[in-house]
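Biologist: Could you take me through this one, and tell me each time what backs up the label?

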2 protein chains.
Amino acid sequence: MTKILIIGAGRSSSSLIHYLLKHAASMQWHITVADANIQLAKEKVNGFTHCSTISLDITNNEERFQLISQHALVISMLPAFMHAPVAVDCVNLGRHLFTASYVSAEMKALHADAEKKGVLLMNEVGLDPGIDHASAMKIIHHLQQQGAEIDLFKSFCGGLVSPEFNNNPWGYKFSWNPRNVVLAGQNTAQYLYEGKLKFIPYQRLFLHTEEIEVDGHGKFEAYPNRDSLSYHQPYGLQNCKTLLRGTLRMLGYCKAWHALVKLGLTDDSFVIKNNGRLTYTDLLEAFLPPGNGHVKQRLKKWLGQEYDQVVEQKLDYLELFSNRKIELMEGTPAQFLQVLLEDKWKLMPGDQDMIVMQHIFEYRLRNASHRLSSSLIVKGNDDEHTAMAKTVGLPLAITVKNFLMQKFSLAGVQIPILPEIYLPMLLELEQEGICFHEKEF
Amino acid sequence: MTKILIIGAGRSSSSLIHYLLKHAASMQWHITVADANIQLAKEKVNGFTHCSTISLDITNNEERFQLISQHALVISMLPAFMHAPVAVDCVNLGRHLFTASYVSAEMKALHADAEKKGVLLMNEVGLDPGIDHASAMKIIHHLQQQGAEIDLFKSFCGGLVSPEFNNNPWGYKFSWNPRNVVLAGQNTAQYLYEGKLKFIPYQRLFLHTEEIEVDGHGKFEAYPNRDSLSYHQPYGLQNCKTLLRGTLRMLGYCKAWHALVKLGLTDDSFVIKNNGRLTYTDLLEAFLPPGNGHVKQRLKKWLGQEYDQVVEQKLDYLELFSNRKIELMEGTPAQFLQVLLEDKWKLMPGDQDMIVMQHIFEYRLRNASHRLSSSLIVKGNDDEHTAMAKTVGLPLAITVKNFLMQKFSLAGVQIPILPEIYLPMLLELEQEGICFHEKEF
């Protein structure tokens with residue numbers, strides 16, 4: 001019997017837990033689902049055997065260490081900034097760890113220790129990062145084996161609302177952590193463009209978009225996502241001149257979001273005492289240069305070319321120019337915005353979300369230039385069984401299963417870029433209806 | 001014999017140490033000067049008695065705790081972010097602590113504990129914050145005692161180079177921690193303007209300036225400094241409609257600095273691998289939108305109205321458009337900029353720095369409106385005995401002396417806003433030539 005611990009039973013864990021429970025009997029696993037909210041954990045395992053639930057205060061070092069010690073393998077579905085203490089325990093106890101999050105500096109620092117102890121710290125095995133690595137690497141390895149020189153690689157992904165279920169001008173509803181959406185992009189984006197380094201500070205990020213098109217699904221816009229440079233070497237693309245990872249949104253989203261960023265509404269660095277006094281218009285007023293006249297007119301004038309009807313429609317929808325009171329007694333501007341968006345961008349019962357991913361390659365093979373795209377669309381079943389939960393959870397669950405079946409053997413800090421990881425993962429994802437469509441264009 | 005511990009023997013500690021050593025014999029003090037660099041500590045006490053020096057690794061908890069336990073009172077001249085563990089030790093050991101830094105969240109959290117134990121944690125007793133509090137409060141209390149209603153209070157301060165010793169177009173040389181100058185303003189500024197909250201994000205801070213004039217010294221420009229709102233209540237200015245603290249620079253500095261901020265050159269959030277490859281022009285190129293032509297021309301076009309001859313002259317002086325290589329093997333953009341500025345803005349032997357401070361009040365008294373300014377100019381002796389070291393160190397040293405002479409008795413987290421603190425402090429500063437000049441205008 002292999003004991004697996006899943007920490008975190010939130011919305012994006014449902015597909016992961018479901019998959020592992022389905023295989024538990026035949027694989028001889030026992031699954032423990034731990035969460036601060038035991039009720040949440042119980043709902044997720046309801047009707048299954050070979051499992052148990054436990055209430056866990058992740059900040060209690062003793063409790064966390066004890067629980068991890070009782071398992072052979074840990075899957076952390078915690079917010080990214082909370083993985084570090086779990087990872088330290090795993091290395092000390094000789095337990096393997098899987099996450100769907102970016103490799104943090106703290107995680108990276110554990111590589112040598114983990115490797116020495118034969119402990120695997122597998123990260124970035126979700127959707128993005130995760131499926132993007134797997135599907136891109138399959139193509140990159142294939143092209144390189146043929147002798148191709150890859151000059152350009154762009155990879156885009158977004159978790160959106162399916163158009164049939166969209167009823168707001170932003171074309172966006174929350175299918176994952178709202179806080180991450182509000183704070184998205186606050187680190188300077190880094191990528192490579194025609195052989196040159198490019199750094200895009202947050203204040204310009206949402207003006208710095210490009211359009212992509214997915215057959216049958218129309219156009220989307222993308223802004224650069226975090227540090228693309230760090231994949232230059234792991235992807236084996238040292239000679240590639242343009243390397244960019246981007247985040248997708250519906251057309252028009254970015255220009256309107258830029259207005260919020262430029263105003264300062266996504267600022268999470270200071271706390272405003274509200275005490276039920278302030279309206280959203282007061283908040284806008286506080287960020288606008290002093291002046292007379294209605295806030296909307298002043299905003300329009302101040303933003304100049306960065307303001308248009310499409311922006312206005314989106315800001316109006318958020319009731320930013322209304323006397324709507326800010327609910328929180330105190331909070332950062334970002335928290336004030338988040339509480340409003342959670343109301344305006346709520347995934348309603350029955351709503352379906354949609355994952356869009358596209359890789360673009362330009363390469364030279366036998367003196368000919370080629371352009372190749374590989375696209376993925378995944379739709380959710382409803383607001384509970386979302387495409388987001390499926391595409392984050394399944395690659396993780398499948399990779400855990402393959403690791404326990406010894407389809408690959410690794411130690412240290414890893415991401416899913418090796419054939420022995422991505423080939424069986426992509427194969428099984430296809431069986432689950434998660435298929436890429438390639439096209440030369 | 002009262003034992004006093006001074007932690008940190010850097011440049012801004014010299015006047016503080018000198019003052020305390022001068023009074024040590026008559027006051028029956030023993031002064032210990034601790035620094036990671038024992039040589040620095042030894043130089044500072046050279047020729048004095050009643051003192052000793054010790055090498056201290058501030059991150060060694062045991063060593064720090066032991067040393068603090070052997071003293072009755074501690075003065076921390078460490079960088080602000082390093083005060084917290086010292087303050088915790090002081091509270092646990094029942095030792096008083098004095099700093100010239102802003103009250104941090106960690107410091108604030110110690111208030112109740114410190115108060116219960118009768119421990120004084122006195123902060124913001126330097127120049128700004130420090131002398132500004134003392135001198136403003138003296139006027140505020142005086143006006144309020146006469147029955148005045150204060151409608152506007154603005155307080156400005158800057159540590160600049162004395163014009164006779166200026167030889168660069170920025171009108172600036174480093175008289176304190178260069179890193180603080182490069183990162184200045186990275187939190188959103190908050191103040192009150194005509195009864196309304198105002199928040200100025202970093203990206204707009206250096207465009208958001210106003211001019212002030214000091215008789216005989218000409219005009220200066222000011223940008224909003226941090227959180228002015230937090231002084232509303234401690235200053236007793238609850239009915240004041242405009243409340244602003246600002247930082248002073250020579251005219252033209254802010255517009256050019258804004259260009260660096262907008263580009264991203266003050267970004268401290270990500271590390272660039274350089275390895276001796278990159279020039280400052282490459283760095284600019286990486287931050288500029290893609291395009292053809294010389295970097296200077298593209299920057300000019302991109303900045304539009306935010307670029308002019310005055311900006312260009314300052315950027316040229318920094319050799320930003322040259323093939324000058326970046327010295328650091330790796331670093332953040334802010335670190336790359338800092339290493340350049342440390343060369344370009346170095347206070348040379350014999351150079352004199354200059355402190356400029358001005359308070360502006362608008363108040364109503366017996367149905368008449370008044371405007372009052374109170375201004376201070378302090379010049380350094382040379383690059384070692386700077387006006388900065390004098391104005392940071394003396395208020396701290398004087399206040400320590402007055403506390404030990406029991407001129408005031410307080411516990412918990414405090415700043416120098418009470419008459420029993422500021423009156424003797426200002427009196428003694430006057431004797432040292434640090435005098436304010438008031439003017440109705």
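Biologist: What stands opposite A:Val74 in β5(A)?

Modeller: That's A:Leu97. Bear in mind that we're looking at a predicted model.

Biologist: How do you know that β4 and β5 of chain A really pair?

Modeller: Pairing takes at least two bridges between the strands. Here 4 bridges join β4 (residues 73–76) to β5 (residues 96–99) of chain A, so with at least two required, they count as paired. The two strands run parallel.

Biologist: Which sheet do they belong to, and in what order do its strands come?

Modeller: An open one of 7 strands in chain A, ordered β3-β2-β1-β4-β5-β6-β17, with parallel pairing.

Biologist: What makes β3 and β17 of chain A the edge strands?

Modeller: Each pairs on one side only; they cover 51–55 and 412–414. From one strand to the next, the twist averages 20°.

Biologist: Which helices sit on that sheet in chain A?

Modeller: Among them is α1 (residues 14–27), lying across β1, β2, β3 and β4 of chain A at about 155° to β2(A). Another is α2 (residues 38–45), which touches β2 and β3 of chain A, its direction making about 170° with that of β3(A). Angles run from 0 to 180 degrees between N-to-C directions, so about 170° tells you that α2 of chain A points nearly opposite to β3(A).

Biologist: What does the sheet of chain B look like?

Modeller: There, 7 strands make an open, parallel sheet, in the order β3-β2-β1-β4-β5-β6-β17. Take β1 (residues 2–7) and β4 (residues 73–76) of chain B: they are joined by 4 bridges, and since at least two are needed, they pair. Within that pair, B:Ile4 faces B:Leu73.

Biologist: Which helices lie across β5 of chain B?

Modeller: Both α4 (residues 83–93) and α15 (residues 387–404) of chain B do. Helix α4 of chain B also crosses β1, β4 and β6, while α15 of chain B also crosses β1, β2, β4 and β6. The angle to β5(B) is about 155° for α4 and about 155° for α15.

Biologist: Why is A:Glu285 with B:Lys198 called a salt bridge?

Modeller: The closest N and O atoms are 3.8 Å apart. The limit is 4 Å between a Lys or Arg side-chain nitrogen and an Asp or Glu carboxyl oxygen, so the pair qualifies. Between chain B and chain A the count is 4 salt bridges, along with 14 residue pairs in polar contact.

Biologist: What does chain B bring to its side of the interface?

Modeller: Elements supplying at least two residues each include β8 (189–193), β9 (196–200) and α10 (253–263) of chain B. By type, the residues on that side split into 16 nonpolar, 7 polar and 7 charged.

Biologist: How much area is buried between the chains?

Modeller: About 2400 Å², with 60% of it on carbon and sulfur atoms. In terms of contacts, 30 residues of chain B meet 30 residues of chain A.

Biologist: Which backbone oddities turn up in the loops?

Modeller: The peptide bond joining A:Asp128 and A:Pro129 is cis, with omega about 15°, and A:Pro129 is in the loop between β6 and α7 of chain A. In chain B, the bond from B:Asp128 to B:Pro129 is cis too, omega near 15°. Then there's A:Gln406, not a glycine, yet with a positive phi of about 60°; A:Gln406 lies in the loop between α15 and β17 of chain A.

Terms used:
Residues numbered from 1 in each chain as written. Chains lettered and ligands numbered in written order. Predicted model: local features only at pLDDT ≥ 70, side-chain atom pairs only at ≥ 80, totals over all residues. Heavy atoms only, no water. Contact = heavy atoms within 4.5 Å. Buried area = accessible area lost by both parts, 1.4 Å probe. Polar contact = N/O pair within 3.5 Å; in protein donor to acceptor, adjacent residues only side chain to side chain. Nonpolar A, V, L, I, M, F, W, Y, C, P; charged D, E, K, R; others polar.
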